[in-house]
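Subject: The structure to look at

Hi,

Here is the structure I said I'd pass on to you. Have it open on your screen while you read, and then go through my notes below.

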Amino acid sequence: MSPPEAGAAPPALEARGLVKTFDVRRGLLRRRVGAVQAVADVSFSVGAGETLALVGESGCGKSTLGRAALRLIEPTAGEVLLDGRSLTALPPGALRAARRDMQIIFQDPFGALNPRMTVAETLAEPMLLHGLADAGDVGDRVRALLAACGMQPFHAGRYPHEFSGGQRQRIGVARALATRPRLVVCDEPVSALDVSVQAQIVNLLQDLQAEIGAAYLFISHDLAVVRHIAARVAVMYLGRIVETAPTAEIFARPRHPYTRLLLEAAPRLRPGARSRTVVEGDPPSAMAPPPGCAFHPRCPMAEARCRIERPQLGRVGGADVACHFAEAAPTPQDEAPQAEEGMLARRIAALQAARAAVGQDRRPAAAPPPA
Amino acid sequence: MTEAPLLSVEDLRVHFRVEGRVYRAVDGVSFAVERGRTLGVVGESGCGKSVTSLAVMRLVQTPPGVYAGGRVMFDGVDLLTLSARRMRALRGGRMAMIFQEPMTSLNPVYTVGDQIAESLAAHAGLKGAAARARVTELLELVRLPSAAKRASDYPHQLSGGQRQRVMIALALANDPDLLIADEPTTALDVTIQAQVLDLIGDLRARTGAGVLLITHDLGVVAETCDAVAVMYAGRVVETAPVAALFADPQHPYTVGLMAAVPRVDAARGRLETIEGSVPPPWSTAPGCRFASRCPLADARCRAEAPPLAAVSPGHAVACWRAPIEAAA
């Protein structure tokens, strides 16, 4: 990925050559029988207030990468910089202080909240810990934060089990943003939610980002959500980024065969739109990655060279692509950008008008507490 | 069509009695599945779509569940009146089900081949070499690589996509007339989802089975179904041929759902949300169950439940205000 321009502010997050290897141990003596390279030499950056999406299928290493970027797990090699400051060498105390600026939202809002803490306690803890509030004003700040996340003041005294999944995810978002972080890793934050609730959380994440200017590293397997929320997209396959480009570019001109495969496989909301080529086979095991290009066993374009030589990320048009044949990528049949079809658009407009008339159009009332 | 549909669910009611309250999980649901066609039942968590599918197989646990009314007509017979023994003969035989979680639906201590062979023995009396040959044939049919060898694998040795293929092979073992798939691809990656959906479509075309597909994903509905029933809070609020539903959605909930989904084929502005939440399943409030969240709701909506009424051939809507128009 291109380095930051000289003189410009450093990106909120920059990862350089990140590697994370897990040992695989078997047997009574837990002998090391192999290693999984979950993340292999990954570099990327996310600008302040920007959203970079990491997409890929189960096991591609996207969640591991997100955690390694926060040093929630220690990277095996490589460096992470937050606002230009290296996190890699920070001693535990300093790392702890730096956590104020880097937060995470998890997929499962059930598992991510302490069931024995009230919402108020959950939200107050990070603010008190990082000295952003004191016993006197923490209550006000919790209420402001709840309001910003579309919740009511009386929710503060309740426990996680008293909420629906969507409300719990609102609490997860509120907790992550309580310290007004510079970077939030969003690890599949809407994957477990129903579509109407998913829309609420996506809107909330966008509103709060506009408000506090945090960078989002948005990990997801859902390309529709990614297209909606991200400014740039990085596609991962078996531990490596195989393509990265601005969102409009990658959806209009996917250059890596794997990116095209992912895009074709995503269901469209139009009956009869399907013209996809289904690629057979599962992703290979990360314990025994194929030689050469890891995608070659499933790739419709693979040639002898792909089985031997691993392609490096290189600039092609507006994208960085790791494919020997990126230049030869077929021009996609232009899927005419689908405006909302006539009748549906009119119905949506009618519904919007009715909502405005009854005052249902709620937006976050107040900003989160200033840090 | 003069022929009776393969499956016809008529005013089905499934309630649960829990702690002195009656949960009306399915409350007057009707739809039909034709031979060789796929009906999608779509809705959000708690709308009753899974209970409906379980009720069709008569797998709702009773108690606490109660079949409180209606009929499930399968090829002319009301399944709700069948003896347990005859019902057992149908399950895995002429009607089969694929569940969302292939890991928990397969028995971890038997090989996948043995599990398929068990079903063959129970329904078709196939044993020994004949059964083994049929197992291999089925696993090849679902395109499991090196099928004969895989038959002696245990479920944990297979990937998620492979396990779901085994589930499908198991469901198809006795050439069912009706295949019920409850969120069959929800736990799978998109490329694997595409493979599994194509597989179900191919098999339907080959065998002429009817498919009842339960899903929360409107994209999956658009791509694989012939007809759709949209469920909300235990009721069908709209049902239509798939093209009609997407071209001309009429119920405010259907429109709201379509407006809430981000699209992979188009950039879209701020997502629409559906404010409020589903009424509790024990609610006995009269009127339309969507009224509390519907910006168009008026006094009649709150007082009187709208019936599912036809607006064009095959397209019916349960809404007093449908079709919603800008003038409204």
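Before anything else, one term: two strands pair if DSSP finds at least two bridges between them. Also keep in mind that this is a predicted model.

Let's put that term to use in chain A. In strand β8(A), the bridge partner of A:Asp187 is A:Ile219. A:Asp187 fits into a bigger pattern: β7 (residues 183-187) of chain A pairs with β8(A) in the parallel sense, over 5 bridges. There is also β3 (residues 51-55) of chain A, which runs parallel to β8(A) and is joined to it by 5 bridges. There, A:Val55 has A:Ser220 of β8(A) as its bridge partner.

So how many residues of β8 (residues 215-220) of chain A are buried? It's 6 of the 6, so the strand is largely enclosed by the rest of the structure. Both of its faces are covered. On one side you'll find A:Ala215, A:Leu217 and A:Ile219, and on the other A:Tyr216, A:Phe218 and A:Ser220, all of them buried.

One of those residues turns up again in the largest nonpolar core. That core has 214 residues, and A:Leu217 and B:Leu212 are the ones with the most contacts inside it. Which element gives the most to this core? That would be α6(A), with 8 residues. Over in chain B, try clicking on B:Leu212. Skipping its neighbours within four places in sequence, B:Leu212 is in contact with B:Leu7, B:Val33, B:Leu39, B:Val41, B:Ser53, B:Val56, B:Leu178 and B:Ile180.

Now zoom out to chain A as a whole. Its secondary structure comes to 11 helices and 12 strands, and 47% of its 371 residues count as buried. If you take contacts in chain A between residues at least 6 apart in sequence, 68% of them join residues at least 24 apart. An unreviewed UniProt entry lists residues 19-263 of chain A as "domain: ABC transporter". In the model, that span is 36% helix and 27% strand, and its end C-alpha atoms lie 27 Å apart.

The domain assignment cuts chain A up in another way: domain 1 is 13-25 + 32-230, and domain 2 is 240-267 + 279-328. Their C-alpha centres are 28 Å apart. Where the two domains of chain A meet, 16 residues of domain 1 are in contact with 11 residues of domain 2. On the domain 1 side, β2 (31-46) and α7 (223-229) of chain A each supply at least two residues, and the largest share, 8 residues, comes from β2(A). By class, that side of domain 1 has 10 nonpolar, 3 polar and 3 charged residues.

Next, the place where the two chains touch. How many residues does each chain bring to the contact? Chain A gives 50 and chain B gives 53. On the chain A side, α6 (195-212), α7, α9 (257-265) and α11 (342-358) each supply at least two residues. The largest share there comes from α11(A), with 12 residues. The chain A side divides into 26 nonpolar, 9 polar and 15 charged residues.

Chain B has a sheet you should look at too. Here 4 strands form an open sheet in the order β2-β1-β4-β5, with antiparallel pairing. The edge strands, each pairing on one side only, are β2 (21-33) and β5 (77-78) of chain B. Strand β4 (residues 65-74) of chain B pairs with β5(B) over 2 bridges, in the antiparallel sense, and B:Met73 stands opposite B:Asp78 of β5(B).

Last stop: B:Arg24, which sits in strand β2 of chain B. Is B:Arg24 buried or exposed? The cut-off for buried is 20 or more C-beta neighbours within 10 Å. B:Arg24 has 21 of them inside 10 Å, so it counts as buried. Leaving aside neighbours within four places in sequence, B:Arg24 is in contact with B:His15, B:Gly234 and B:Pro281. Take a look at B:Gly234 in particular: along the chain it is 210 residues from B:Arg24, yet their C-alpha atoms are separated by 6.9 Å.

Have fun with it!

Notes:
Residues are numbered from 1 along each chain as its sequence is written. Chains are lettered from A and ligands numbered from 1 in the order in which they are written. This is a predicted model: local features need pLDDT of at least 70, side-chain atom pairs count only at pLDDT 80 or more; totals for chains, interfaces and linings use all residues. Domain bounds come from an automatic or database domain assignment. Two residues are in contact if their C-beta atoms, placed from the backbone, lie within 7 Å. Ala, Val, Leu, Ile, Met, Phe, Trp, Tyr, Cys and Pro count as nonpolar, Asp, Glu, Lys and Arg as charged, and the others, Gly among them, as polar. UniProt positions are given in the numbering used here, feature names are shortened, and annotations may be inferred rather than shown by experiment. A nonpolar core is a set of buried Ala, Val, Leu, Ile, Met, Phe, Trp, Tyr and Cys residues joined through C-beta atoms within 7 Å. A residue is buried if 20 or more other C-beta atoms lie within 10 Å of its own, exposed if 12 or fewer, and partly exposed in between; C-beta atoms are placed from the backbone.
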